[in-house]
Amino acid sequence: MLALAAPFLGARFGFPDAGNDPADHSSRQAYDLLADGFGAGANGPLLLVTSLDGDDAAAALPALSDAVAATPGVAAVLPPAVDPSGATALLTVLPETGPQDAATEDLVHALRDDVLPAAGADAGLDVHVGGVTAAAIDVNESMADGLPLLIGGVVTVSMVLLLVSFRSVVVMLTAALMNLLSVAAAYGVVALVLEGGWAGQLVGIDTETPMPAYVPVVMFAVLFGLSMDYEVFLISRMRESWMRTGDNARAIVDGLAGTGRVITAAAAIMVTVFAALVPSPDVVLKSLGVGMAAAILIDATIVRMLLVPAVMHVLGRANWWSPRWLDRRIPQLYVEGRPELFLPEREPEPALVR
């Protein structure tokens, strides 16, 4: 599981573009022709926009253009374009690298943080960096920065619900760790496929492709919900047996026997649904399909049917431990309801006639 998750450590966030389309697509051919003729940066120009207040500001545009052109990583700066009213100026900057390249992201930050504030102050201009490439960089960074907060919040809420449902600290911690391990393995599979090597070629990805930041966000939301659903289904059967028999080993066997087929069938349906996305020519849909299908397959087999029961066997009676002070304070939550309240009372058995 850790080996599967390892490729995600080297994942680079970004938006796929026409350069990741199949080689026989017209959009890919146009992308390659443009890169060969005018450089890779022609496929992702940066747009510098500033407002002009008076003739002095317009006269400062050539100096601003020269300062941008002298920045490392800039291939060319097109002549400034001024709107008919003379209130706004536009400079189109062609980077030396393509829109997916990490060097282009570094260039955007260098322009915003260092070059433009200095050059704009000298010219009295407030310059903004925009365009599709810069917007994609901003969106990816925003989502990537928020991913740990999303994961932490969802895991915390899930742990609280598990604690209330099963009144066990160990079950709560085990479920959270196993689910995180399952999601991490799925992230690693997607990262491996997007590298464009042998794994990517198996599903039709032949070029190195950045991972859109919303892919791990969507995957986590869906996969954590599904894996937690399987966990609750499995553990609820185990806890019922534990409450009835007090035998941990018997509870684990009863839980697996009662839910194994249902979890496997449900997982098989979901794997089939997500695997149907893999033949799609769209790289994003393809990566989502691969990641979700792999995650559910891993979760329903390795995690839910092997790791969780094995860990619970090793821990023994400690699985159901909870501090007394905590047990007194958390409310009673009956996951499966209380059917004994609605069953008719049993009639007394007739006395035996001697």
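**Three residues and a strand in a predicted model**

At 21% relative accessibility, A35 comes out as partly exposed, a close call given that buried means under 20%. The model is a predicted one, and A35 is a handy place to start looking around it. The residue sits in helix α2, which covers residues 26-38. Setting aside neighbours within four places in sequence, A35 is in contact with A40 and N43. As for P323, 288 residues separate it from A35 along the sequence, and the C-alpha to C-alpha distance between the two is 65 Å.

T104 is another story. Here the relative accessibility is 0%, so the residue counts as buried. T104 belongs to helix α5, residues 102-123. Once neighbours within four places in sequence are left out, its contacts are P95, T97, G98 and P99, along with T133 and I137. One of these contacts, P95, is also part of strand β4, which spans residues 88-95.

That brings up the strands. β4 pairs with strand β1 (residues 46-51) in the antiparallel sense, over six bridges. Within this pairing, L46 has V93 of β4 as its bridge partner. β1 also pairs with strand β5 (residues 127-130), again antiparallel, this time through four bridges. On that side, L47 stands opposite G130. So β1 has a pairing with β4 and another with β5.

What about the two faces of β1? L46, L48 and T50 make up the covered face, while L47, V49 and S51 make up the uncovered one. In a regular strand, side chains alternate between the two faces of the sheet. The split in β1 follows every second residue, with L46 on the covered face and L47 on the uncovered one.

Over in helix α10 (residues 248-275), the residue to look at is N248. With a relative accessible area of 7%, N248 is buried, since the cut-off for that label is under 20%. What does a buried asparagine side chain do with its polar atoms here? The side chain of N248 makes a polar contact of 3.2 Å with that of N319, and another, of 3.1 Å, with the side chain of W320. Both partners turn up again in the wider contact list of N248, which leaves aside neighbours within four places in sequence and also holds W242, M312, H313, G316 and R317.

Taken together, A35 is partly exposed, whereas T104 and N248 are both buried.

Notes
Residues are numbered from 1 along each chain as its sequence is written. This is a predicted model: local features need pLDDT of at least 70, side-chain atom pairs count only at pLDDT 80 or more; totals for chains, interfaces and linings use all residues. Side-chain values use heavy atoms; hydrogens and water are left out. Buried means under 20% relative accessible area, exposed over 50%, partly exposed in between (1.4 Å probe, protein chains only). Two strands pair if DSSP finds at least two bridges between them. A polar contact is a pair of N or O atoms within 3.5 Å; within protein, one must be able to donate a hydrogen and the other to accept it, and residues adjacent in sequence count only if both atoms are side-chain atoms. Contact means heavy atoms within 4.5 Å.
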